[in-house]
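Here is the note you asked for, set out as numbered points that can be read beside the model.

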Amino acid sequence: MPKTALLSRVSLPHTVRAALAGWLIAAALAIVASAGAAQAQTPPKPGVEAAPQAVPGFWDPRRRPDRPDLSRLTVIRFLTETDYPPFNFTGPDGNPAGFNVDLARALCDEIKVTCTIQMRRFETLIDAITSNRGDAIIASLAVTPQLRAKVDFTDPYYRAPARFVSRRDAVMPEVRPEYLEGKKVGVIAGSSHEAYLKAMFTDAEIRSYANDDALRLALRRSEVDFIFGDAISLAFWINGTDSGECCAFSGGPFVESRFFGEGIGIAVRKGNDLLRQSLNWALFRLWEKGRYTDLWLRYFSVSPF
């Protein structure tokens, strides 16, 4: 959901973010205590999501990026956000941590270049990069036409899909408009998810709620048959204590860019084609080697896809 008219990102409710911050720090401490265990999250609860887990891939193996002249890169100064778990947060050692941070480090390792990662307030990121206080922003930054006028973006490295959630005893393997005729569907008022339902699910009974807490409580109380919203925050809710193990995803993801954006990319200064192409090449290589999949599974025990 947009934070300002210009800068936007995936939206996680404050309660979810706070719980994730504490949980992720505890997980990181457990990893240190267990001498480098590879898993950064607890295993998913049985029955929440069918195995094997879906891992997104946004790279076409038939369209391999050309390897740029990486020798021209001497350092990459990454900028990221201060408090947006599980994507960005301060680790127990006081250093940047999270999915975006680990991905930045993996990119630097693939390119074989020295990198720094500086945490800044989200609303200051664009000004910092345009004033040459950094080279690349990796902070769950949603690609929008407004931002494209200010910075260039790499290919998407993930999307924020939309999905339906139902109670566990009413899960549907597929959701189509005709399947929800007469069904009560909850959604956040004024959101892109509400706009999508009104455009595509015209025979459903749409009920709008002011916030995530009210929306999810309505489903737990069976006041609605489904809720529809951001799959990333819903995935953490489903697998967290707040849901009471009530609910699960129904059907697959919806990723129509007209409603849900072009995806999440790494931003670089306008015209910095060498860095943009180098990051695209490295992203493809990480995916091709399976390192992106390993990183995704470490942070997302319930897939939003």
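The points below go from the overall make-up to the sheet, the cores, the salt bridges and a few backbone details.

1. Please keep in mind throughout that this is a predicted model. The protein contains 10 helices and 12 strands, and of its 305 residues 50% are buried. Among contacts with a separation of 6 or more, 76% are between residues that lie 24 or more positions apart. The exposed surface comes to about 13900 Å², of which carbon and sulfur atoms supply 50%.

2. One sheet deserves to be traced strand by strand. It is an open sheet of five strands with mixed pairing, and its order is E9-E8-E10-E7-E11. The edges are formed by strand E9 (205-209) and strand E11 (247-254), each of which pairs on one side only. From one strand to the next, the twist averages 30°.

3. Within that order, strand E8 (residues 184-188) and strand E10 (residues 226-230) run parallel and are joined by two bridges. A useful place to look is Val185, which stands opposite Phe226 in E10.

4. Which helices should be viewed together with these strands? Helix H6 (residues 212-220) lies across strand E7 (162-167) as well as E8, E9, E10 and E11, and runs at about 150° to E10. Helix H7 (residues 231-238) also packs on the sheet, where it touches E7, E10 and E11, and its direction makes about 120° with that of E10.

5. The largest nonpolar core has 40 residues, and those with the most contacts inside it are Phe78, Phe99, Leu103, Tyr157 and Leu279. Two or more residues each are given to this core by strand E1 (75-81), helix H2 (99-111), strand E5 (136-142), H7, strand E12 (264-269), helix H9 (273-289) and helix H10 (291-299). The most comes from H9, which gives eight residues.

6. Phe78 is a good residue from which to explore the surroundings. Leaving aside residues up to four places away in sequence, the residues that Phe78 touches include Ala104, Leu107, Cys108, Ile117, Ala136, Ile138, Ile266 and Leu279. The polar residues Thr116 and Gln118 are also among the residues touched by Phe78. A second, separate core has 17 residues, including Val165, Leu215, Ala231 and Ala235.

7. A search of the whole structure finds 20 salt bridges, and three individual pairs may be worth inspecting. In the first pair, the side chains of Glu123 and Arg121 meet at 3.0 Å, N to O. Glu123 is partly exposed, with a relative accessible area of 41%, whereas Arg121 counts as exposed at 52%.

8. How exposed or buried are the partners in the salt bridge of Asp212 and Arg216? Their side chains meet at 3.7 Å, N to O, and both residues lie in helix H6, four residues apart, which is about one turn of the helix. Asp212 is partly exposed, with a relative accessible area of 23%, while Arg216 is buried, with a relative accessible area of 5%.

9. In the remaining pair, a salt bridge of 3.3 Å, N to O, brings together the side chains of Asp273 and Arg276. Because Asp273 and Arg276 are three residues apart in helix H9, about one helical turn separates them. Asp273 is partly exposed, with a relative accessible area of 34%. Elsewhere, salt bridges that share partners link Asp109, Glu110, Arg285, Lys289 and Arg291 into one network.

10. Some backbone details should be checked by eye. The peptide bond that joins Pro85 and Pro86 is cis, with omega about 5°, and Pro86 is found in the loop between E1 and strand E2 (89-90).

11. Where are the residues that have a positive phi without being glycine? Lys112, with a phi of about 65°, has its place in the loop between H2 and strand E4 (114-120), and Lys112 is exposed, with a relative accessible area of 67%. Asn132, whose phi is near 65°, sits in the loop between helix H3 (125-130) and E5, and Asn132 counts as partly exposed at 42% relative accessibility.

Technical notes. Residues are numbered from 1 along each chain as its sequence is written. This is a predicted model: local features need pLDDT of at least 70, side-chain atom pairs count only at pLDDT 80 or more; totals for chains, interfaces and linings use all residues. Side-chain values use heavy atoms; hydrogens and water are left out. Buried means under 20% relative accessible area, exposed over 50%, partly exposed in between (1.4 Å probe, protein chains only). Contact means heavy atoms within 4.5 Å. Accessible areas come from the Shrake-Rupley method with a 1.4 Å probe; for residues, only the protein chains shown count as cover. Two strands pair if DSSP finds at least two bridges between them. Axes are lines fitted to C-alpha atoms, for helices over the stretch in contact, and angles run from 0 to 180 degrees between N-to-C directions. A nonpolar core is a set of buried Ala, Val, Leu, Ile, Met, Phe, Trp, Tyr and Cys residues joined through side-chain atoms within 4.5 Å. A salt bridge is a side-chain nitrogen of Lys or Arg within 4 Å of a carboxyl oxygen of Asp or Glu.
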